[in-house]
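Trainee: Could you walk me through this model before I get back to the bench?
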Amino acid sequence: MDMLQYSPQNLSEPPSLYPGYVSTVPRSPRQKLVSIPQTLTEVTGPIDFGDRLLRAPVHDMTRQGKGDPIGERIIVSGRILDDRGRPVPHTVVEVWQCNAAGRYIHKKDQHDAPLDPNFTGQGRVVTDAEGRYRFVTIKPGAYPWRNHHNAWRPAHIHFSLFGAGFATRLITQMYFPGDPLIDIDPIAGAVPADARRRMVSRFDIDTTENEWALGYVFDVVLRGRDATPMENSL
Amino acid sequence: MNDMTAPARLGLTPWQTVGPFFHYALPWDGGEILAREGVQGERIVVRGRVLDADGAPIPDALVEIWQANAAGRYDHPEDCQADRPIDPAFTGFGRCPTDDDGMFAFHTVRPGQVPGPGNSMQAPHIALGLFGRGLLRRLVTRIYFPESEGNAVDPILGLVEPDRVGTLMATREGEQDGMPVYRFDIHIQGANETVFFDV
């Protein structure tokens, strides 16, 4: 049975164990991962389930409360592509983030910064036929965490993506250009510098809307279909 | 490979941890229920605990599963097994955050066998992805069922050192509402470290 395969995992992925990010020490395997071929189990995966399973789309995270959230309104848009540059259409993009003051609505977030009653910080969009997505939100703040003395997370938006199969699943974080915290952050820093840049969005004047909101572009590249037998014979 | 005609590969976007604050964004009501009213096959409960190096439960992990239906068919266009029907009452995909005791639980059906590499058949199994604070990237494993006849010739289990295969086997743990319950604890590290796969 000729089987679709997705391209190999990125060599520039973060390792499971990265001692600078202290929580990885007790939460990473010590045995080598067992390499297995991608079978029907791994090449298939949940697709087209946005309406059936997940909650309704949320394109505008500034419209979830009774009033406007505090902070700098921004537009985030981009494309979800595979590593041949082909769009990943109709795939669910789940996002979540803290508010402008650097506080998550999550009950376990005890950072001494105000909650915003008009901001929950969660959104969910589906890409169009060209793999494009777009949502409106508030620029998240930086916040401290207890990984080490004076540890601060750079401003970021969490992204969860599916792609075409179980093997293409990706959860990542989008950072903002020019943020001096990125290169001293152990979570971003677990990724080698050249690949780390792929997690940094870029300011885009064409995405920016006059008199309304700055625009940032963030393209995401997922594992793509490897060469099929047909392509190999060319 | 020899694929000179294809465009150059773009660099993949790297993994980052899901962090501790995903609960209001990723889980949804009923996310742990894969089998709905009228589902074909044997309903089962699969539950377990996610544990760290010290055997301490991990209360801020997220577990996702993906599996074939009772007939051994995935609801996906790459699965072309026309003789095995898609079950509209079965989603195949579930998502469950761990609770304060590190526990997760799914209501699903016993999966059928599915084709493996070459002409092999894979024993019934559930693919599992584990995310959490302190996990920079997803950990992938599989849940197998101890009584399945196909386990002995399963092509994936055959790639695992024999003394570690047991970490991929769920154990029977009684019944719940008439459904068999299977227990599958995930040891991220330690003497009984679960086998994780690079796919």
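Mentor: What follows covers the contacts between the chains and then chain A by itself.

Mentor: This is a predicted model, in which local features need pLDDT of at least 70, side-chain atom pairs count only at pLDDT 80 or more, and totals for chains, interfaces and linings use all residues. Residues are numbered from 1 along each chain as its sequence is written, while chains are lettered from A and ligands numbered from 1 in the order in which they are written.

Trainee: How many residues of chain B are in contact with chain A?
Mentor: There are 64 residues of chain B in contact with 76 residues of chain A, where contact means that the C-beta atoms of two residues, placed from the backbone, lie within 7 Å.

Trainee: And which strand of chain B gives the most to that side?
Mentor: Strand 7 of chain B does, with four residues; strands here are DSSP runs of E with at least two residues, and helices are runs of H or I with at least four, both numbered from the N terminus.

Trainee: Which strand of chain B is joined to strand 1 of chain A?
Mentor: Strand 12 of chain B is joined to strand 1 (residues 34-35) of chain A by two bridges, and the two run parallel; strands pair if DSSP finds at least two bridges between them. Within strand 12 of chain B, B:Phe197 is the bridge partner of A:Val34.

Trainee: Switching topic, what is the secondary structure of chain A?
Mentor: Chain A has four helices and twelve strands, and its C-alpha atoms fill a box of roughly 60 × 40 × 35 Å along the principal axes.
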